[in-house]
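Colleague: I've got the sequence and the model open side by side, and I'd like a close look at one part of it. Pick the inside and the strands around it, and take me through them slowly, please.

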Amino acid sequence: MSRLRAALGELAQEAPDVAPTTDLAALAVANHQRHRRNITMATAFFATVALVGAVTAGVTLTGSGQAAPATPSVPDLPSGKVGELSYAYRTKCETDLSQTPSFDCSKVEWRVVTRTGRTYRVPQALANTPDHTQPPVAISRDGRIFAYYSRQEGAHVVHDLVAGTQVVSRAKVKESQIGRGSMLVVSDDGRHLGFDPREGSKYPGLLIDVRTGRTTTLNGKYEAIGIKDGLVELIRYRKTDLWLMPVTGGGKPVRFHGTYINFSEPAPDGRTVAAIEFEKKKLTLLDTRTGRVVRKVTVKGVPVKGGPDSVRIWVSASEVVLDYQVGKELRSYAVNVDTGKARQVFKVSNAAMDVTLPAEW
């Protein structure tokens, strides 16, 4: 967890007035758990990938499939149509015992896997910098849009994998602006990006209109965790505040009573989010207008105790997706918020790696 330790160290130094280091570290660890899965340069990579299904926008769930085994002949992602993505992953650093440290990360790259199980290299997506900063990628909730940072362009690129089109953001971002634990989210239409240069810090983020190049500074106390239906979902931890800010600006935060982590996108009703109560690890439904607790949900049918690594998208008005790390598997479950019953909808085997799922921040 070297990357996590570095992020915690920076966070503790930059924000000593927010909370004691131990409290701050605990919250940061919880916040990083979700998408910083065992990210060290010594992390073991998977040998095969088992695809049980993929969650799409709305109510659609794909069938099961098997991804092609990783080989040196993995093709590059074409510029045309390839279909929706199931997930993206970053390859491992190579072991080189002739040097110290004994890991060569110069060939680390992003790869994507489609819902049909096809794997592609994305060498144009920056995956690692000389100081071992690892720029993120983002996938829209329906798997159609793939966004990444291009060193060649000096900007983010948005690739519509269904239409086969690519748009380079007019807003230039220096590579040096991408810090450890940086975050990236993309809207379903690919027009807007939310970029946080360093997760958990007070550095302000950017809302980028890819088409016009217009940028809006995001309050550094908040983290952009999603963009949906013209709203940027911003979270401030510890307090906890949620701000559904229109992409045109405005709106105001709502304060919840208690500390919550791992927020979902807004539910189809537009006024409910699911999150995990920090102390009790309980799935909780919260009202985005009043801040009140709507319901606490006891999740049934998952193979692990405690809270999930992430709470993500809604597949219906009554089911929200929770992701769990189960040994070397990453599993996603659609949980009925009325009954607590969970059904598995996705699985990646041997997933001790950096994986990005649709609508994951």
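Modeller: Let's start with the lining of the largest cavity, where 16 residues are nonpolar, 3 are polar and 7 are charged. Keep in mind that this is a predicted model, and the cavity comes with it. The cavity holds about 230 Å³, and 26 residues line it. If you want to find the spot on your screen, go to Ile225, Gly226, Ile227, Glu265 and Ala359, which lie nearest its centre. In the whole structure, the search turns up 7 cavities of 30 Å³ or more.

Which strand gives the most to that lining? S16 does, with 4 residues. Strand S16 covers 223-228, and it shares the job with S8 (138-139), S12 (183-186), S17 (231-236) and S24 (310-314), each of which puts at least two residues into the lining.

From S16 you can walk straight into a sheet. S16, S17, S18 and S19 line up in that order as an open, antiparallel sheet of 4 strands. S16 and S19 (254-255) are the edge strands; each has a single partner, so one side of each has no neighbour in the sheet. Further in, S17 and S18 (residues 241-246) run antiparallel and are joined by 6 bridges. To see one of them, pick Ile235 and look across to its bridge partner in S18, Leu242.

Leu242 also takes us on to the next stop, since Phe256 touches it. Phe256 is one of the residues with the most contacts inside the largest nonpolar core, along with Val232, Leu234, Phe263 and Leu283. That core has 44 residues. Beyond four places in sequence, the contacts of Phe256 are Lys239, Thr240, Leu242, Phe263, Val273, Leu286, Asp287 and Gly291. Another core, of 19 residues, lies apart from the largest one, with Leu85, Ala88, Ala127 and Ile139 among its members. As background, nonpolar side chains tend to be buried together in soluble globular proteins.

Some of those Phe256 contacts, including Leu286 and Gly291, bring us to a second sheet. Here 4 strands sit in the order S20-S21-S22-S23, again open and antiparallel. The edges belong to S20 (260-261) and S23 (293-297), and because each has a single partner strand, one side of each is without a neighbour in the sheet.

Inside this sheet, follow S22 (residues 282-287). On one hand, S22 runs antiparallel to S21, with 6 bridges between them; Ala274, for instance, has Leu285 in S22 as its bridge partner. On the other, S22 pairs with S23 in the antiparallel sense over 4 bridges. Two of the residue pairs there are easy to pick out: Leu286 bridges to Val293, and Thr284 bridges to Lys296. S22 is also mostly covered, with 5 of its 6 residues buried.

The turns are worth a look too. S21 and S22 make a hairpin with 4 residues between the strands, and in that turn Lys281 has a positive phi of about 55°. The hairpin of S22 and S23 has 5 residues between its strands, with Gly291 taking a positive phi near 85°. That is the Gly291 on the contact list of Phe256.

Is Glu277 buried or exposed? Its relative accessible area is 16%, and since buried means under 20%, Glu277 counts as buried. Glu277 lies in S21 (residues 272-277). Outside the four places on either side in sequence, its contacts are Thr259, Tyr260, Lys282, Thr284 and Lys296. You've already met two of these, as Thr284 and Lys296 are bridge partners across S22 and S23.

Before you close the viewer, compare the second largest pocket. About 230 Å³ of space lies in that pocket, and 13 residues line it, with Ser106, Lys107, Val108, Glu109 and Pro123 nearest the centre. Its lining splits into 6 nonpolar, 3 polar and 4 charged residues.

To put all this in context, the chain carries 2 helices and 28 strands. Of its 361 residues, 56% are buried. And among contacts between residues at least 6 apart in sequence, 51% link residues at least 24 apart.

Terms used: Residues numbered from 1 in each chain as written. Predicted model: local features only at pLDDT ≥ 70, side-chain atom pairs only at ≥ 80, totals over all residues. Heavy atoms only, no water. 1 Å grid on protein atoms, 1.4 Å probe; cavity = no way out; pocket = protein on both sides within 12 Å on 5 of 7 lines; lining within 4 Å. Points joined across faces, edges and corners; volume = space filled by probe spheres on them. Nonpolar A, V, L, I, M, F, W, Y, C, P; charged D, E, K, R; others polar. Core = buried A, V, L, I, M, F, W, Y, C linked by side-chain atoms within 4.5 Å. Buried < 20%, exposed > 50% of the residue type's maximum accessible area, 1.4 Å probe, protein only. Contact = heavy atoms within 4.5 Å. Pairing = 2+ DSSP bridges.
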